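Dear colleague,

I am handing over the structure shown below, together with an account of what was found in it. Please keep it open while you read, as the account goes through it part by part.

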Amino acid sequence: MVEFDDAFRQQLHELFVWRRDVRRFRSDPLPDGAIDRLIETACLSPSVGLSQPWRFVIVDDAARRRAVIDNFRACNADALNCYSGERAARYAALKLSGLEQAPGHLAVFADKASDIGHGLGRATMPETTEYSVVAAITAMWLAARAEGIGLGWVSILNPDRIHAILDVPSTWKFIAYLCVGYPEAECDQPELERAKWEHRREASEFTLRR
Ligand SMILES: Cc1cc2c(cc1C)N(C[C@H](O)[C@H](O)[C@H](O)COP(=O)(O)O)c1[nH]c(=O)[nH]c(=O)c1N2
């Protein structure tokens with residue numbers, strides 16, 4: 001039986017406060033096996049029916065990385081066109097990926113066809129497969145931060161294109177493309193808040209009682 005004390009709980013809270021979405025990475029490489037260890041931790045996450053639907057692709061190939069970066073550039077340009085005026089200027093000034101600098105690239109998919117878990121919990125809510133994968137990514141995000149490693153989620157990408165670039169099974173649904181590396185700086189405030197794009201709100205704003 002493992003017990004956690006107040007000091008641990010305080011540190012755990014600090015981990016939540018100091019976990020960041022990182023877009024600015026140092027160029028030094030990750031230690032050998034760092035991404036594999038993060039994946040092992042992610043695999044401890046809850047999943048619907050114990051289906052473990054997460055599928056990870058470590059992207060080392062330079063040509064595939066370049067193709068992902070090109071796709072990000074195209075999608076980000078399209079996204080900019082959705083804004084106008086001052087909001088467009090603000091969007092254009094944001095840094096929304098660390099794909100160029102991050103030493104690690106990790107794509108994450110949900111296997112929609114796997115029969116692991118025998119369908120338990122998915123009959124009325126098949127989307128719980130994707131939810132399970134997101135839960136695993138969150139665990140990885142925190143585990144990385146505990147080691148001083150930063151993780152940046154990039155979703156400004158075309159899922160079909162990512163499928164083609166990475167040549168993965170058609171039953172895998174694209175969930176996330178993650179940049180992994182040591183952050184240039186640590187901060188307890190989201191970068192989008194510092195850039196005055198949006199601010200973190202009180203939990204009470206999102207909570208109803210019935
Ligand atoms: C599903 C999903 C998708 C994305 C993100 C997050 C999540 C959960 N975030 C990161 C997001 O902007 C960030 O989490 C918030 O701004 C809050 O900041 P912290 O994560 O607390 O640092 C993100 N950030 C970014 O720069 N480019 C992106 O494409 C995305 N996409």
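Two strands are taken to pair if DSSP finds at least two bridges between them. With that in mind, Val108 stands opposite Ala176 in strand 4, and this is one of the places from which the pairing of the strands can be followed. Please note from the start that this is a predicted model.

On confidence, the chain averages a pLDDT of 98, and 100% of the residues score at least 70. The scores for the model are ipTM 0.99 and pTM 0.98. Where pLDDT is low, predicted coordinates should not be read in detail.

The overall layout

The chain contains seven helices and four strands, and along the sequence these follow the pattern α-α-β-α-α-β-α-β-α-β-α. Its radius of gyration is 18 Å, close to the 17 Å that the globule rule gives for 210 residues, so the chain is as compact as a globular protein of that length. Taken along the principal axes, the box filled by the C-alpha atoms is roughly 50 × 45 × 45 Å, and 25% of the 210 residues of the chain count as buried.

The UniProt record, an unreviewed entry, places the feature "domain: Nitroreductase" at residues 18-182. Over residues 18-182 the chain is 39% helix and 17% strand, and the C-alpha atoms at the two ends are 14 Å apart.

The strands

How many bridges join strand 2 to strand 4? Strand 2, which covers residues 104-111, runs antiparallel to strand 4 and is joined to it by eight bridges. Besides the pair formed by Val108 and Ala176, His105 has Cys179 in strand 4 as its bridge partner.

Strand 4 is also joined to strand 3 (residues 150-154), by five bridges, and these two strands run antiparallel as well. Here Gly152 stands opposite Cys179, so that Cys179 appears in both pairings, with Gly152 of the one and His105 of the other.

Strand 1 and strand 2 are likewise antiparallel, with five bridges between them, and in this pairing Ile58 stands opposite Leu106 in strand 2.

Why can strand 4 be called largely enclosed by the rest of the structure? A residue is counted as buried if 20 or more other C-beta atoms lie within 10 Å of its own, and nine of the ten residues of strand 4 (residues 172-181) are buried, so the strand is largely enclosed by the rest of the structure. Strand 2 is mostly covered too, with seven of its eight residues buried.

Loops and single residues

The loop between strand 2 and helix 5 (128-146) holds Asp115, which is exposed, with 9 other C-beta atoms within 10 Å. The C-alpha atom of Asp115 is separated by 7.4 Å from that of Ser51, although the two residues are 64 residues apart along the chain. His118 lies in the loop between strand 2 and helix 5 as well, and it counts as exposed because it has 10 C-beta neighbours inside 10 Å. The phi angle of His118 is near 55 degrees, a positive value in a residue other than glycine.

Gln52 also has a positive phi, of about 45 degrees, although it is not a glycine. This residue lies in the loop between helix 2 (34-42) and strand 1 (54-58), and with 18 other C-beta atoms within 10 Å it is partly exposed.

Is Phe72 buried or exposed? Phe72, which lies in helix 3 (residues 62-80), has 22 C-beta neighbours inside 10 Å and therefore counts as buried. Phe72 and Glu184 are 112 residues apart in sequence, and their C-alpha atoms are 21 Å apart in space.

The surroundings of the ligand

Which residues are around the ligand? They are Arg20, Asp21, Arg23, Leu96, Ser97, Trp153, Val154, Ser155, Ile156, Pro190 and Leu192. By character, the residues of this shell divide into six nonpolar, two polar and three charged.

With kind regards

Definitions and conventions: Residues are numbered from 1 along each chain as its sequence is written. This is a predicted model: local features need pLDDT of at least 70, side-chain atom pairs count only at pLDDT 80 or more; totals for chains, interfaces and linings use all residues. A residue is near a molecule or strand if its C-beta atom, placed from the backbone, lies within 6 Å of it. Ala, Val, Leu, Ile, Met, Phe, Trp, Tyr, Cys and Pro count as nonpolar, Asp, Glu, Lys and Arg as charged, and the others, Gly among them, as polar. pLDDT is the predictor's confidence in each residue, from 0 to 100. A residue is buried if 20 or more other C-beta atoms lie within 10 Å of its own, exposed if 12 or fewer, and partly exposed in between; C-beta atoms are placed from the backbone. UniProt positions are given in the numbering used here, feature names are shortened, and annotations may be inferred rather than shown by experiment. The radius of gyration is taken over C-alpha atoms; the globule rule is 2.2 Å times the number of residues to the power 0.38.
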